[in-house]
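User: Please explain how the terms applied to this model follow from their definitions.

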Amino acid sequence: MSIHIANVTKRFGEFTALDKVSLDVPSGDLLALLGPSGSGKTTLLRIIAGLEHADDGVVRYEGEDVTNKAPKDREVGFVFQHYALFRHMSVFENVAFGLRIRNTPKAEVNARVKELLHLVRLEGLGSRYPAQLSGGQRQRVALARALAVRPRMLLLDEPFGALDAKVRQELRQWLRQLHDEMHVTTVFVTHDQEEAFEVADHVVVMRAGKIEQAGSPQDVFDHPASPFVMDFLGQVNVFHGRLQDGQMHVGNIAVNYPEYTHAESRDATAYIRPHEVELERLPGDGTRLPVKVLHVNPAGAVTRVRVLSEAFGWSLNVELRPERYAELALRPGDQVFAVPKRVRVFMSDDYAI
Amino acid sequence: MQPNSMTPHSAIRRGPPTEPLWVQRLLIAAAVLVLTVLIIVPVINIFAYALQDGVGAYWKHLTGDADTWHAIKLTLFVAPIAVVLNVLFGIAAAWLLTRFSFPGRTLLTSLIDLPFAVSPVVAGLMLVLLFGAKGWFGPYLQAANMKIIFATPGLVLATMFVTLPFVARELIPVMQAIGPDEELAAITLGANGWQMFWRVTLPNIKWGLLYGVILCNGRAMGEFGAVYVVSGHIAGQTDTMPLRVEKLFQDFNLPASFAVASLLTLLSLVTIVLKVILENWKDVEVPE
């Protein structure tokens, strides 16, 4: 079931939560709405579910206009951020709720609930109450409850937000696996870029009620459309400089930027990801930046190094492969040379903080 | 589990007291003294006076006098009606105030509390001014041959007004704490408004609701001021139990007056006992 959203606008008093948002979710897709709080991602999800009514714009399911359809008739599975399990009902009754509302025969209810409890690996916990479950178990009950009625799509609001890191990691992989088995169109909201990139087929980055960029995780990561996306997708080094004649000048370093060929000098900002900087022992051809090693953290899959350019007063975060780190044998205080392998430049008026 | 504004929970501080012994003794003595003077002695006194001529006379005071018997029946008729209407109003108001945001929401919240702030006598007068023979709606009511003031409908209205806040006040914090998510979840699972209310909302608010009903009922049976004004004080017609107590007292018929008073007290005690039982049930039922 595909979802089409066209020019959806939503205001809460003076605040514009969504500003003419248009989005297509292909059938069977697993899509992440990614953005900081207040970016409108949850509002968009609730409008898709019908829990919030758009001031303007159209929502279609597979071509059917559902803009004015009541949420109870939309056959959407919605998983709330804090699960919203019925606290006075057992796990079994929670999962059975949607089926009982539809007057499903008892035998069928029992079979379906059993099947779902198996699917979410909660067999034997049917008689427990929500208050007696862990966070991860509650989340799975919420998912089973939403799936029990065979919804046309699954919408999840910050599904792993309230869980601890290890459980979150497990549930993420499990959700991906579940989606691969069932192929139900799924949209989930998150503020965690790692989560979005790990789980989703498509990522939609939102900012201040608008879609900043939409694409595959690879696309968005490799070709961030704006400084905001660049910034949001994780730690990045930021430098301010001037752009002129297709070259970006930051300190003594010049980087070619043929897209911008204007003759006058303009303010621009360069973004360099920590893993896209190399450190060298030798000065090379003079375009390398002399830096001093401040701090080395070799714990983890990458070695994080913090270096300082004493000439310009910039500090720079660098991530090295452990082998490379061993080769360089860096010690705090060492003089080395930084070589940016990939620099992304945005004109300063593109993005004002 | 369910947060409840008016339900005190088990003692917060555990462990041995740290105050000197004389402070402990003094505080306990003060508490016992106040309770004895203000509550225990008067309550015992009421029953002592009521029963001073023996159980037979007591029973006769209650059932032998047609006007007294009518007052008892009237109170047991008016109070439940007022309670039921206030339950409907309370649920609707709590729903509106906790599930929707609209201009004037704060004003409405304060308005619900108004009956607590206004003297019941003023409330009664207001009803007379609206529905009395010379009131705003008086001529229309007369034309339709309907009587509100000096009649049972007036008693119900006055009782309702005075007890209006109890159920709503009890439910608003409960519904606020529970939040709308469970109800929305029910809707996304295909429930209509009724199904959502009966299967999700009501089970979640039932303790708060029962508590509100009990408080509301206690107040409704005991209401004096507002009812006094709208009833016209007609023996055998519009006298409720509290009014009957006062009338018998004014007539120096003390044993009969205390007999009715003791029954009223007994009804309140039943209410309080019910409340305590409910609180215990509630704590047992909800697993942590």
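User: Why is the pair A:Arg100 and A:Glu93 called a salt bridge?

Analyst: A salt bridge requires a side-chain nitrogen of Lys or Arg within 4 Å of a carboxyl oxygen of Asp or Glu. The side chains of A:Arg100 and A:Glu93 meet at 2.7 Å, N to O, so the pair satisfies that definition. This is a predicted model, in which local features need pLDDT of at least 70 and side-chain atom pairs count only at pLDDT 80 or more, while totals for chains, interfaces and linings use all residues. Residues are numbered from 1 along each chain as its sequence is written, chains are lettered from A and ligands numbered from 1 in the order in which they are written, and side-chain values use heavy atoms, with hydrogens and water left out.

User: Why does A:Arg100 count as partly exposed?

Analyst: Buried means under 20% relative accessible area and exposed over 50%, with partly exposed in between (1.4 Å probe, protein chains only). A:Arg100 has 25% relative accessibility, and therefore counts as partly exposed. A:Glu93, with 27%, is partly exposed as well.

User: What makes the pair B:Arg244 and B:Asp65 a link between parts apart in sequence?

Analyst: The closest N and O atoms of this salt bridge are 2.9 Å apart. B:Arg244 lies in helix 11 (residues 241-250) of chain B, and B:Asp65 in the loop between helix 2 (55-63) and helix 3, so the pair ties together parts 179 residues apart in sequence. Helices here are DSSP runs of H or I with at least four residues, and strands are runs of E with at least two, numbered from the N terminus. B:Arg244 is buried at 5%, whereas B:Asp65 is partly exposed at 27%.

User: What else does B:Asp65 reach at the start of helix 3 of chain B?

Analyst: A side-chain oxygen of B:Asp65 comes to within 2.9 Å of the backbone nitrogen of B:Asp67.

User: How do you know that the span of helix 3 of chain B agrees with expectation?

Analyst: The expected span is 1.5 Å times one less than the number of residues. For the 34 residues of this helix (66-99) that gives 50 Å, and the end C-alpha atoms are 49 Å apart, which agrees.

User: Which salt bridge joins chain A and chain B?

Analyst: The count between the two chains is one salt bridge. The side chains of A:Arg87 and B:Glu182 meet in a salt bridge at 2.7 Å, N to O.

User: How many residues of each chain are in contact?

Analyst: With contact defined as heavy atoms within 4.5 Å, 24 residues of chain A touch 20 residues of chain B.

How values were computed. A polar contact is a pair of N or O atoms within 3.5 Å; within protein, one must be able to donate a hydrogen and the other to accept it, and residues adjacent in sequence count only if both atoms are side-chain atoms.
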